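Please open the model in a viewer and keep the sequence at hand. The tour below proceeds by selection, one stop at a time.

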Amino acid sequence: QVQLVESGGGLVQVGGSLRLSCAATGSTLEASGLGWFLGWFRQAPGKEREFVATISWSGLLRTNADSVKGRFTISKDNANNTVTLQMNNLKSEDTAVYYCAAAAGPRLAESVRAYDYWGQGTQVTVSS
C-alpha cells in the first residue's frame, strides 16, 4: 500500500516559478522501491487528466511531456523520500490541479491507466 500527499501549490504570475512536492509512504514502498516509478499529472476543470512527467524510483530515469520540456523538472529527493516538480517559466495554460501518482512496474509510463496510487492533488494557478 502506498500513500501520496502533494504540497507546494499556489498562485504565481506568468513567467514565475513554483516547486511541488510529493511525499510517498507505505509499507510496500518502504520495504523496497525496486521497479517503482512515480509521476505528475494535471487536470483543469472540464479537461482530462494530462501527463506531465515521470521518474524512476532510483531517480536516474525521467521523462517530461512535450508541453513542459525545458520548463519543468521532475526529481527525487532521497533524503526525505519525496518527488518534486520544479516548474519554471509558468504559463497560464499550466493552471490546473496537479496530482502525484505511483505504480509498480519495470519501466516508466505516461498513461493515467498505468498508475495504481494517486494523491489528492494541489492547486496551481498562473495569472498575469
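Which residue in strand 9 is the bridge partner of F41? The bridge partner of F41 is Y99. Before continuing, note that this is a predicted model, in which local features need pLDDT of at least 70, side-chain atom pairs count only at pLDDT 80 or more, and totals for chains, interfaces and linings use all residues. Residues are numbered from 1 along each chain as its sequence is written, and side-chain values use heavy atoms, with hydrogens and water left out.

**Strand 4 and its partners**

Select strand 4, residues 36-43; strands here are DSSP runs (E, at least two residues), numbered from the N terminus. Of its 8 residues, 7 are buried, where buried means under 20% relative accessible area with a 1.4 Å probe, protein chains only. Add strand 9, residues 96-104: strands 4 and 9 pair in the antiparallel sense over 8 bridges. Two strands pair if DSSP finds at least two bridges between them.

Next, add strand 5, residues 50-56, which pairs with strand 4 in the antiparallel sense over 6 bridges. Here R42 stands opposite E50 of strand 5. Strands 4 and 5 form a hairpin with 6 residues between them, and G46 in the turn has a positive phi of about 80°.

**The aromatic rings**

The structure holds 6 aromatic pairs; rings of Phe, Tyr and Trp (its six-membered ring) pair if their centres lie within 6.5 Å, and planes under 30 degrees apart count as stacked, over 60 as edge-to-face and the rest as tilted. Select F37 and Y115: this pair is edge-to-face, at 5.2 Å centre to centre and 75° between the planes. F37 lies in strand 4 and Y115 in the loop between strand 9 and strand 10 (117-118), so the pair ties together parts that are 78 residues apart in sequence. Both F37 and Y115 are buried.

Now replace F37 with F41. The ring centres of F41 and Y115 are 5.1 Å apart and their planes stand at 80°, so this pair is edge-to-face. Because F41 belongs to strand 4 and Y115 to the loop between strand 9 and strand 10, the pair ties together parts that are 74 residues apart in sequence. F41 is buried, as is Y115. Widen the selection to F37, F41, F51, Y115 and W118, which form one aromatic cluster.

**A charge over two rings**

Finally, select R49. Its charged end sits over the ring of Y99, 3.8 Å from the centre, and over the ring of W118, 4.8 Å from the centre. A charge sits over a ring if NZ of Lys or CZ of Arg is within 6 Å of the ring centre and within 35 degrees of the ring normal.

Key: Helices (H or I, at least four residues) and strands (E, at least two) are DSSP runs, numbered from the N terminus. Buried means under 20% relative accessible area, exposed over 50%, partly exposed in between (1.4 Å probe, protein chains only).
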